[in-house]
Amino acid sequence: MYFPVGWPKVLWSGSATGGRPLRLIRHRSRDLVLELREKSVAFWHSRLTVLLMSYCRSEQCVKKNGVNVAAAIKPDGTVLCLATAGGSLLFLRVRYEKPSVSWNAPYVVKEHGILTQYSRGSSSAAFEGTDVDSISLKFYHETAVLGGVCSLLCVGNQLVVSSGYGVLHRVLWDGRFEGSMAVHLNRIPFSSDLLPESRGQCLGNDSNVFAWDLDYSPALHGFSLVLSDGRAAFVSGKSVKYEPQSLEGVWMKDLADATCTAINSRYKLLAFG
């Protein structure tokens with residue numbers, strides 16, 4: 001179900017001063033692609049492949065909190081969260097400003113020595129497209145995660161943060177933790193199939209595993225997990241809010257060396273690498 005469409009697009013900003021590239025994050029509603037690097041983050045227009053802005057963290061901030069390891073953006077695109085190697089979550093406000101010149105304003109094109117005036121809104125215009133907002137970032141909050149940040153995921157109006165202590169934290173976009181909704185992996189019952197008579201078995205307190213990577217699908221009503229020991233599972237809940245006591249997991253059979261996961265909600269597929 002995964003196949004390339006069209007020619008690949010190359011993102012080139014002229015210089016790679018932000019360190020090693022880590023990942024690309026798509027924000028569909030605003031036609032944005034976030035390029036995450038160890039010390040910086042850049043915003044690209046997904047259709048025009050144009051660099052809109054680049055934000056580079058200061059050397060003092062990198063020394064204090066460590067390099068970037070993951071990132072997530074709020075569904076409405078107004079807040080960006082950066083997770084660092086030092087176990088910090090850095091929250092930045094994303095501001096959008098409309099261009100000063102309206103898209104319907106007239107413009108002049110010189111062709112063969114002749115000046116011709118067009119209207120961008122007319123069908124006869126030589127230039128067609130959409131307005132692109134300017135973007136700016138402003139740091140406003142920082143919080144620490146005990147055990148460090150292993151994975152970061154946006155689920156609606158919350159962040160799910162996996163720590164090295166085997167806990168899935170629920171964090172609001174203002175940096176507050178919902179302590180009562182924290183999920184301890186060693187308390188989730190895992191079974192080998194979805195049959196009603198199958199009884200799940202918890203990992204136990206002696207287990208030191210944590211979620212190395214995770215993804216979420218509202219269509220499947222659950223999470224796909226890759227544990228630090230290479231095992232993979234799908235975790236779902238009996239309630240809409242995913243209370244810790246309502247969660248149960250199913251192991252992926254014959255999989256012991258997984259490193260990453262993704263969910264295709266349209267085709268209801270779980271993918272593991």
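**Notes on a four-stranded sheet, two pockets and two cores**

1. Let's start inside the sheet: Ser162 sits opposite Leu168 of strand E13. Keep in mind while reading that this is a predicted model. Strand E13 covers residues 167–172, runs antiparallel to E12 and is joined to E12 by five bridges.

2. Now zoom out a bit. The sheet is an open one with four strands in the order E11-E12-E13-E14, paired antiparallel. Its edges are strand E11 (149–155) and strand E14 (183–184), each of which pairs on one side only.

3. On the other side of E12 (residues 158–163) you'll find E11, and these two strands pair in the antiparallel sense over six bridges. If you want landmarks for checking the register, Val149 faces Ser163 in E12, and Leu153 has Val160 of E12 as its bridge partner.

4. The turns are worth a look too. E11 and E12 make a hairpin with two residues between them, and Gly156 in that turn has a positive phi of about 65°. The hairpin of E12 and E13 has three residues between the strands, and there Gly166 takes a positive phi near 80°.

5. Is E12 covered on one face or on both faces? On both: Gln158, Val160 and Ser162 are buried on one side, and Leu159, Val161 and Ser163 are buried on the other. That makes six of six residues buried in this strand. As a reminder, side chains in a regular strand alternate between the two faces of the sheet.

6. On to the pockets. The largest pocket holds about 1600 Å³ of space. It is lined by 43 residues, and those closest to its centre are Leu24, Ile25, Arg26, Leu153 and Asp215. So which strand gives the largest share of that lining? E11 does, with seven residues. The strands that each supply at least two lining residues are E1 (21–27), E5 (68–73), E11, E16 (211–217) and E20 (261–264). Sorted by class, the lining of the largest pocket has 27 nonpolar, eight polar and eight charged residues.

7. The second largest pocket contains about 220 Å³ of space. Its lining consists of Lys9, Leu11, Leu24, Arg26, Val33, Trp44, His45, Ser46, Arg47 and Thr49. Here E1 and strand E3 (40–45) are the elements giving two or more residues. By class, this lining has four nonpolar, three polar and three charged residues. Note that Leu24 and Arg26 turn up in this list and also among the residues closest to the centre of the largest pocket.

8. Finally, the nonpolar cores. In soluble globular proteins, nonpolar side chains tend to be buried together. In this model the largest nonpolar core has 20 residues, and the members touching the most others are Val160, Leu185, Ile188, Phe190, Phe223 and Leu225. E11, E16, E17 (222–227), E18 (232–237) and E19 (247–251) each supply at least two residues of this core. E17 gives the most, with three.

9. For a closer look at one core member, try Leu225. Leaving out residues up to four places away in sequence, Leu225 touches Leu185, Ala211, Asp213, Leu214, Arg231, Ala232, Ala233, Val235 and Phe272. Apart from the largest core there is another one, of 16 residues, including Ile25, Val41, Leu82 and Leu90.

Methods:
Residues are numbered from 1 along each chain as its sequence is written. This is a predicted model: local features need pLDDT of at least 70, side-chain atom pairs count only at pLDDT 80 or more; totals for chains, interfaces and linings use all residues. Side-chain values use heavy atoms; hydrogens and water are left out. Two strands pair if DSSP finds at least two bridges between them. Buried means under 20% relative accessible area, exposed over 50%, partly exposed in between (1.4 Å probe, protein chains only). On a 1 Å grid over the protein atoms alone, a cavity is a set of points where a 1.4 Å probe fits but cannot get out, and a pocket is an open set with protein on both sides within 12 Å along at least five of seven lines; lining residues have an atom within 4 Å of a point. Grid points are joined across faces, edges and corners, and a volume is the space filled by probe spheres set on the points. Ala, Val, Leu, Ile, Met, Phe, Trp, Tyr, Cys and Pro count as nonpolar, Asp, Glu, Lys and Arg as charged, and the others, Gly among them, as polar. A nonpolar core is a set of buried Ala, Val, Leu, Ile, Met, Phe, Trp, Tyr and Cys residues joined through side-chain atoms within 4.5 Å. Contact means heavy atoms within 4.5 Å.
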